[in-house]
Amino acid sequence: MTFGQKLKQLRTERRFSLRGLGKQAGVSYVHISDYEHDRININFRTFKRLVQALNVSFSEFDNCSFEFRERKNARRKASDTKTSRGQP
C-alpha cells in the first residue's frame, strides 16, 4: 500500500473531508489530495501534522512506501556558506 492510499483510508475511516482534514492539520486540502494520489512527496513536518490531526501513530504508516521531501534550503553545500573575505 502506498502512503497516499493509507492516508486516504485513514481520512475516510475518520470521516474527514479533504477540506476538514486540511483545516484540522493546517495543510492545504489540495496538497492532501496530491499526497493521496501519490503525485508529490511529503515533508516530515506535514506528515507529523496529518498524523496528529488523524489521531493515529506513526506506526500506522510502517508498511507504506513513500519518500520524505527535504525542506527548501534545509541543507546547503559547504561552498554556499563561505564568504568571499579571504576565501579563494
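Here, buried means under 20% relative accessible area, exposed means over 50%, and partly exposed is in between (1.4 Å probe, protein chains only). This is a predicted model, in which local features need pLDDT of at least 70 and side-chain atom pairs count only at pLDDT 80 or more, while totals for chains, interfaces and linings use all residues. Residues are numbered from 1 along each chain as its sequence is written, and side-chain values use heavy atoms, with hydrogens and water left out.

**View 1. The whole chain has five helices and zero strands.** Going along the sequence, you read the pattern α-α-α-α-α. Helices (H or I, at least four residues) and strands (E, at least two) are DSSP runs, numbered from the N terminus. Of the 88 residues, 30% count as buried. Take the contacts between residues at least 6 apart in sequence: 62% of them join residues at least 24 apart. Contact here means heavy atoms within 4.5 Å.

**View 2. Confidence varies along the chain, with α2 and α5 at the two ends of the scale.** The score to look at is pLDDT, the predictor's confidence in each residue, from 0 to 100. The chain averages 85, and 80% of the residues score at least 70. Among the elements, helix α2 has the highest mean pLDDT (98), and helix α5 (residues 78-81) has the lowest (47). Over residues 76-84 pLDDT stays under 50, and for this stretch the model has two contacts beyond four places in sequence.

**View 3. L7 is a residue of helix α1.** Is L7 buried or exposed? Its relative accessibility is 0%, so L7 counts as buried. Leaving aside neighbours within four places in sequence, L7 is in contact with I32, Y35, E36, L50, L54 and F61. Have a look at C64 too: it is 57 residues from L7 along the chain, yet their C-alpha atoms are separated by 9.8 Å.

**View 4. Helices α1 and α3 pack at an angle of about 125 degrees, with their axes 7 Å apart.** That makes α1 oblique to α3. On the α1 side the contact is made by F3, G4, Q5, L7, K8 and R11, and on the α3 side by I32, Y35 and E36. Sorted by class, these are four nonpolar, two polar and three charged residues. As for the classes, Ala, Val, Leu, Ile, Met, Phe, Trp, Tyr, Cys and Pro count as nonpolar, Asp, Glu, Lys and Arg as charged, and the others, Gly among them, as polar. Axes are lines fitted to C-alpha atoms, for helices over the stretch in contact, and angles run from 0 to 180 degrees between N-to-C directions. Angles under 35 degrees count as roughly parallel, over 145 as roughly antiparallel, 65 to 115 as roughly perpendicular and the rest as oblique.

**View 5. Helix α2 (residues 18-25) crosses helix α3 (residues 29-36) at roughly 115 degrees, and their axes come within 8 Å.** The two helices are therefore roughly perpendicular to each other. Their crossing is right-handed, meaning that the near helix is turned clockwise from the far one by less than a right angle (anticlockwise would be left-handed). Which residues make the contact? L18, R19, L21 and G22 come from α2, and Y29, I32, S33 and E36 from α3. That group divides into four nonpolar, two polar and two charged.

**View 6. Helix α2 also meets α4, with axes that come within 9 Å and cross at roughly 110 degrees.** That makes α2 roughly perpendicular to α4. From α2, L21, Q24 and A25 meet R49, L50, A53 and L54 of α4. The residues of this contact divide into five nonpolar, one polar and one charged.

**View 7. D34 sits in helix α3.** With 17% relative accessibility, D34 counts as buried. Neighbours within four places in sequence aside, D34 is in contact with R39 and I40.

**View 8. Two loop residues, R15 and D38, are worth a look.** R15 is in the loop between α1 (3-13) and α2. Its phi is near 60 degrees, a positive value in a residue other than glycine. At 79% relative accessibility, R15 counts as exposed. D38 is in the loop between α3 and α4 (44-54), and phi of D38, near 55 degrees, is again a positive value in a residue other than glycine. D38 has a relative accessible area of 41%, so D38 is partly exposed.
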